[in-house]
Amino acid sequence: MTPVPAFPLAGVVAVVGSRHGSPYPVGQFAAAVAQAGGSVVTGCARGVDQVAARTAAAAAGVRPARLLPPAYLALNHLPRVLVCRAYDRSARALAQRTRRVVEFAQAVAVFPPAGQLGPGSTLALSLALRRAWSGVAVFYAGPVPPPAVPYQPPGTWHSAAVAGVAGWLWSPPPDMPPLF
């Protein structure tokens, strides 16, 4: 049996999801990360990203700042929470920011929209699962496990609550080598 992984709230946590919002408590999750001493990074889009950034900033007492690359925050551990403003709202620019955010995080939390996954949530979940092979924790909010996404590596979803939010933690098989 695969052990249930831990989700580090005190690390650099990417909070990603839909531009249309999520019915799951994004703000509660982001505030818990900030209160645990973690850093919340987002792709700076409206919806889930905006709620996570604003709530975490308020919980940590950090003023909003302009857009800085997530690598700057993750590598230098400057402000514990960085609220950024998106300048380019095109789908391509949002996809690039999602890739950067997931690439530098120690843990990724995906907050899907109600119903089926949209393109942004699918991309975020797919990228997060590929990073899980490198030890990145992946949390998916919601009452049921997520559907399979393109290029999803083998693994197991475990029912779990993180920061009081019901969802699922993913873990790769213990005997599989990393993909990258």
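Two strands are said to pair if DSSP finds at least two bridges between them. I begin with that definition since the first pair of strands I shall show is β5 and β6. Seven bridges join these two strands, which run antiparallel. One of the bridge partnerships links Thr156 to Ser171 in β6. The hairpin they form has two residues between the strands, and Ala163 takes a positive phi there, near 55 degrees. Please keep in mind throughout that this is a predicted model.

Let me now turn to the chain as a whole. It has five helices and six strands. Along the sequence, these elements follow the pattern β-α-β-α-α-α-β-α-β-β-β. Of the 180 residues in the chain, 50% are buried. The accessible surface comes to about 8700 Å², and carbon and sulfur atoms hold 58% of that surface. Among contacts with a separation of 6 or more, 69% are between residues 24 or more positions apart.

Next, the sheet. In what order do the six strands stand in the open sheet? The order is β2-β1-β3-β4-β6-β5, and the pairing is mixed. β2 and β5, the latter covering residues 156–162, stand at the edges with a single partner strand each, so one side of each is left without a neighbour in the sheet. On average, neighbouring strands of this sheet are turned by 30 degrees against each other, direction ignored.

I shall take the parallel pairs one by one. β1, residues 12–17, pairs with β2, residues 39–41, in the parallel sense over three bridges. Within that pair, Ala14 has Val41 of β2 as its bridge partner. Between β1 and β2 the chain passes through helix α1, residues 26–35, and this β-α-β crossover is right-handed. β1 is also joined to β3, residues 107–111, by five bridges, and these two strands run parallel. Here the bridge partner of Gly17 is Phe111 in β3. β3 in turn pairs with β4, residues 137–141, over four bridges, again in the parallel sense. In this pair, Val108 is matched with Val138 of β4.

Helix α1 packs on the sheet and touches β1, β2, β3, β4, β5 and β6; the direction of α1 makes about 170 degrees with that of β1. How many of the 10 residues of α1 are buried? Eight of them are, which leaves this helix mostly covered. The buried residues are Val26, Gly27, Phe29, Ala30, Ala31, Ala32, Val33 and Ala34. After the helix comes Gly37, with a positive phi near 90 degrees.

Strand β1 deserves a closer look. It is mostly covered, with six of its six residues buried. In a regular strand the side chains alternate between the two faces of the sheet. In β1, Val12, Ala14 and Val16 point one way, while Val13, Val15 and Gly17 point the other way, and all are buried.

That brings me to the interior. In soluble globular proteins, nonpolar side chains tend to be buried together. In this model, the largest nonpolar core has 26 residues, and those with the most contacts inside it are Val108, Leu125, Val138 and Trp157. The elements that give two or more residues to this core are β1, α4 (residues 91–104), β3, α5, β4 and β6. The most comes from α5, which gives six residues.

Val138 may serve as an example from this core. Which residues is Val138 in contact with, leaving aside its neighbours within four places in sequence? They are Phe7, Val108, Leu125, Ala128, Leu129, Ala132, Trp157, Trp168, Leu169 and Trp170. Apart from the largest core lies another, of 23 residues, among them Ala30, Ala60, Ala107 and Phe111.

I close with one residue of helix α5. This helix spans residues 119–131 and includes Ser126. Is Ser126 buried or exposed? Its relative accessible area is 5%, and buried means under 20%, so Ser126 counts as buried. Apart from neighbours within four places in sequence, Ser126 is in contact with Val149 and Pro150.

Methods
Residues are numbered from 1 along each chain as its sequence is written. This is a predicted model: local features need pLDDT of at least 70, side-chain atom pairs count only at pLDDT 80 or more; totals for chains, interfaces and linings use all residues. Side-chain values use heavy atoms; hydrogens and water are left out. Buried means under 20% relative accessible area, exposed over 50%, partly exposed in between (1.4 Å probe, protein chains only). A crossover is right-handed if, with the strands pointing away from the viewer, the path from the first strand over the helix to the second runs clockwise. Axes are lines fitted to C-alpha atoms, for helices over the stretch in contact, and angles run from 0 to 180 degrees between N-to-C directions. Contact means heavy atoms within 4.5 Å. Accessible areas come from the Shrake-Rupley method with a 1.4 Å probe; for residues, only the protein chains shown count as cover. A nonpolar core is a set of buried Ala, Val, Leu, Ile, Met, Phe, Trp, Tyr and Cys residues joined through side-chain atoms within 4.5 Å.
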